Each structure stands twice: as C-alpha cells, then as structure tokens.
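Me: Please go through this model with me, one question at a time.

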Amino acid sequence: MRLIAALVLLLLPASVAAQPVELKNVRIWAAPDNTRVVFDVTSRVDHKLFTLASPHRVVIDMRAAQFRRSPRQPSASDKLLAGIRSAPRNNTDLRVVLDLKKRVKAKSFLLEPNERYGHRLVVDLYDIQKHKKSRSGADRIPSTKSKNGLRNVVIAIDPGHGGEDSGARGKRGTSEKDVVLSISKRLAKLINSDRGMRAVLIRKGDYFVRLRKRMEIAREHKADLFISIHADAFKQRNVRGSSVYVLSQRGASSEAARWLAERENASDLIGGVSLDDKDGVLASVLFDLSQTATREASTDVGYRALAELKKVGKVHKRGVQHAGFAVLKSPDIPSILIETAYISNPYEENRLRDPGHQDRIARAIFRGLSGYFQHHPPLGTLYAAREHVIARGETLSGIAQQYRVSQESLRVTNKLPDDRLQAGQKLRIPVKEGG
C-alpha cells in the first residue's frame with residue numbers, strides 16, 4: 001500500500017505535489033517617476049509578466065500560488081498605480097492585475113531572503129514619458145542663475161535609505177529613513193532661505209533610490225556639494241555621537257567606519273540592485289578620476305560640519321573619518337556622509353525623535369557648509385560676488401540678517417559712516433564671522 005502511494009506521488013505533476021507558494025503581503029512604494037510593488041512570498045515563485053492596454057494594466061501570473069486576502073491598495077497620490085486586484089487562475093495559479101493611470105514600462109525580478117526580508121517578487125513600474133525625457137536629457141531642472149547672470153551654490157542633500165529599505169532601527173522602533181528625511185528637509189529649508197544657495201533633495205518622500213542614481217541626480221543638478229544624511233546603528237548600544245565621513249582611497253579609519261560602510265553599501269541589495277559590477281578596476285578608475293581638489297574640499301567641509309556638530313552634542317570621533325561608502329564616489333563633486341547619531345543608542349534615539357533636536361542638527365550642518373562656501377565660493381556664483389544692490393526701503397539691519405552677518409562688519413567692509421543707505425548703492429558682503 002505504501003509502495004502504491006509513493007508511486008502515485010511520483011506520477012503527480014510537480015505543481016500538484018509541491019506546496020503552493022503563499023503570497024503573504026503586498027507593499028507599495030511610490031516615487032516621483034516610478035512605483036515599486038513588492039510581493040512578499042513564502043518561497044521562489046515562477047511568474048510571467050505582461051502589459052495590456054485599453055485600459056492600461058500590468059498582469060502578473062504566479063504559478064502554483066495563492067493569496068487568502070485582499071491586496072493593499074495604492075494611495076490616491078500614486079501617479080502610476082490606480083489599484084491592485086487578484087484572483088485564482090486554473091485552480092492552482094494566481095493572477096494579480098495592476099490597474100494603471102497611464103502607460104508604463106514594467107520590470108520584475110526575484111530577491112532572495114536577507115536579514116530583513118524573506119523571498120520577494122518585485123515589480124517596478126516606470127513612467128514612460130519621464131523615462132524618455134531622462135534619457136534625452138530633457139528633464140526640466142530649475143535654473144540656478146539669478147537676474148544678474150550669477151548662479152546659486154547647489155547643495156544635493158541625500159536622506160539615506162527609503163521605501164522598503166528602512167535603514168537602522170532604534171529600540172523604540174524609530175526608523176532611520178524617517179529621521180534623516182526630516183532632518184534633510186529642515187536643512188533644505190535653511191539652505192533655500194539663504195540668498196545664493198539652493199538645495200536639491202535626492203528623495204522627497206518614503207521611496208527607494210539606488211545608490212548610483214543618488215549620485216546621478218546630484219550630477220544632473222550640477223551640485224557643488226553632496227551631503228548624505230544618516231543615523232545608523234552599531235553592534236554595541238553604548239556607542240554614540242555624530243560622525244562625518246569622506247571617501248577613503250585606502251582603507252577605513254576605524255572598525256565603526258568599516259562596519260557602517262558595509263551596511264550602507266548593502267542598501268542596493270535590499271532594494272534589489274546588484275553591486276557585482278563595482279569591481280576593483282572600476283573602483284581604481286573612480287579613484288584616479290577623483291581630483292585632489294575634490295578630496296580636499298570634501299575634507300574641509302567635513303571638518304567644518306563636524307566642528308558645528310560638536311556644539312550640538314557628543315561626537316564619536318574628533319576628526320573626519322574615512323570609509324568606502326559607495327554613495328561618496330562621485331569623482332567630480334565634493335561629498336561627505338554625516339552620521340547624525342547612533343539610533344541604536346537609546347539616549348540618542350530619543351533625541352533623534354525630538355523635532356527640536358532635528359532642527360539643531362540641521363542648523364549645525366548648515367553652518368558648516370555655509371562657512372565653507374563663504375571661504376571657497378565657486379566661480380560665477382552669488383557667493384563669489386557677494387555684492388548687494390540696495391533696493392528702495394532696505395535697511396542695513398535687514399541686509400545683515402539676510403546674509404547672516406553683523407551690521408558692524410557691513411559698516412567696516414564698506415567704510416560706511418552710519419546706517420543710512422541709498423537705493424542703487426552697492427554693498428560688498430563680508431565673509432561671515434566665524435566661518
């Protein structure tokens with residue numbers, strides 16, 4: 001009898017004998033030009049993806065799969081995805097339909113389990129029109145030039161992680177991706193309020209951006225500086241303090257630097273991007289292309305930021321650290337990575353949750369980068385000119401506040417006998433005190 005049962009099992013099709021794959025959850029991450037749909041499954045799933053029109057939709061057929069509940073629906077603000085529905089197919093398979101708001105380019109791939117997630121089927125939806133504009137270089141990037149032909153200093157701010165890549169987590173459940181986005185937005189607001197500077201946020205919401213894409217966005221906007229903001233974790237919970245990193249040519253300057261770089265560089269793996277192409281030859285070329293001036297600028301602005309962060313709280317190391325962060329490998333843009341605190345430390349996690357402390361961190365970083373550009377303004381920028389033409393009704397105190405300098409320094413620099421000004425008069429703006 002047992003022999004007969006064994007023979008029956010052998011003769012059954014694999015799809016019948018095998019345990020069906022169960023779709024456990026659906027997660028949706030909407031970015032400005034794409035939407036990622038992540039299907040959490042119990043094991044690898046054979047699937048077929050195709051698109052249909054009138055109306056536009058993407059169909060995913062999963063072989064020997066089942067889903068026992070209704071899928072999560074996208075938010076109304078999602079620019080591409082209108083809804084998700086599913087139904088059994090052929091008694092054994094599962095069909096999932098992504099209803100679309102417009103025609104898209106769709107791509108799917110499988111991800112193996114890692115320390116954070118199990119098996120996943122990922123479907124990326126790309127806005128075809130934006131994809132074409134990006135490839136042709138036709139993206140509408142705001143001009144940084146003012147009426148007098150001088151441009152703003154452009155600062156690219158990169159909030160680490162995002163989307164399904166939450167980054168590090170604190171004991172109270174605080175996500176690194178949320179904290180650093182809040183700090184980055186505060187920093188961007190400070191930069192945009194300063195005449196002569198403009199901020200570019202690499203990500204503006206909770207979605208995933210590849211490490212290489214982060215650098216590409218900075219380059220598209222012709223950034224003068226790239227700042228990556230993080231709040232990472234370490235193996236020991238007692239480790240605390242802010243740190244500033246620049247790209248290392250040789251090796252990491254500490255165990256923490258090596259450990260953090262490995263974690264951050266693995267973000268692309270969490271997001272489903274292979275790092276296999278980052279071989280030694282490419283790394284060597286990148287290092288060779290990195291000009292000495294770029295490295296020196298990164299170190300200079302890094303030390304200025306670190307000096308200001310010391311005024312806000314404890315720093316982990318006295319000097320700027322070196323590590324092989326992939327996100328810092330732009331050969332032509334000075335780049336720094338700031339660990340605002342260790343979210344794994346309970347005390348620092350609580351501080352990171354405080355909006356007031358987030359604001360203090362953002363202001364410290366701003367003072368550091370502003371001080372650097374006061375002393376090293378790029379040619380052709382308003383910071384390099386530092387000349388202000390008096391408009392009707394302006395006062396010396398108001399101009400001093402606008403440029404964050406003292407009235408006394410304005411008087412001394414321009415040899416003014418008093419505070420009286422005339423419309424059309426030109427003032428030279430001094431380098432900020434303490435910068």
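**Contacts and cores**

Reply: E308 touches A364, R367 and G368, leaving out residues up to four places away in sequence; contact means heavy atoms within 4.5 Å. This is a predicted model, where local features need pLDDT of at least 70, side-chain atom pairs count only at pLDDT 80 or more, and totals for chains, interfaces and linings use all residues. Residues are numbered from 1 along each chain as its sequence is written, and side-chain values use heavy atoms, with hydrogens and water left out.

Me: Is E308 buried or exposed?
Reply: E308 sits in helix α9 (residues 292–309). Buried means under 20% relative accessible area and exposed over 50%, with partly exposed in between (1.4 Å probe, protein chains only). The relative accessibility of E308 is 10%, so E308 counts as buried.

Me: Which element gives the most to the largest nonpolar core?
Reply: A nonpolar core is a set of buried Ala, Val, Leu, Ile, Met, Phe, Trp, Tyr and Cys residues joined through side-chain atoms within 4.5 Å. The largest one has 43 residues, and I155 and L369 have the most contacts inside it. Among the elements that each supply at least two residues are β10 (153–159), α9 and α11 (355–375). With 8 residues, the element that gives the most to this core is α11.

Me: Which residues does I155 contact, leaving aside its neighbours within four places in sequence?
Reply: I155 is one of the two residues with the most contacts inside the largest nonpolar core. Beyond those neighbours, its contacts are I191, M197, R198, A199, V200, L225, I227, L369 and F373.

Technical notes. Helices (H or I, at least four residues) and strands (E, at least two) are DSSP runs, numbered from the N terminus.
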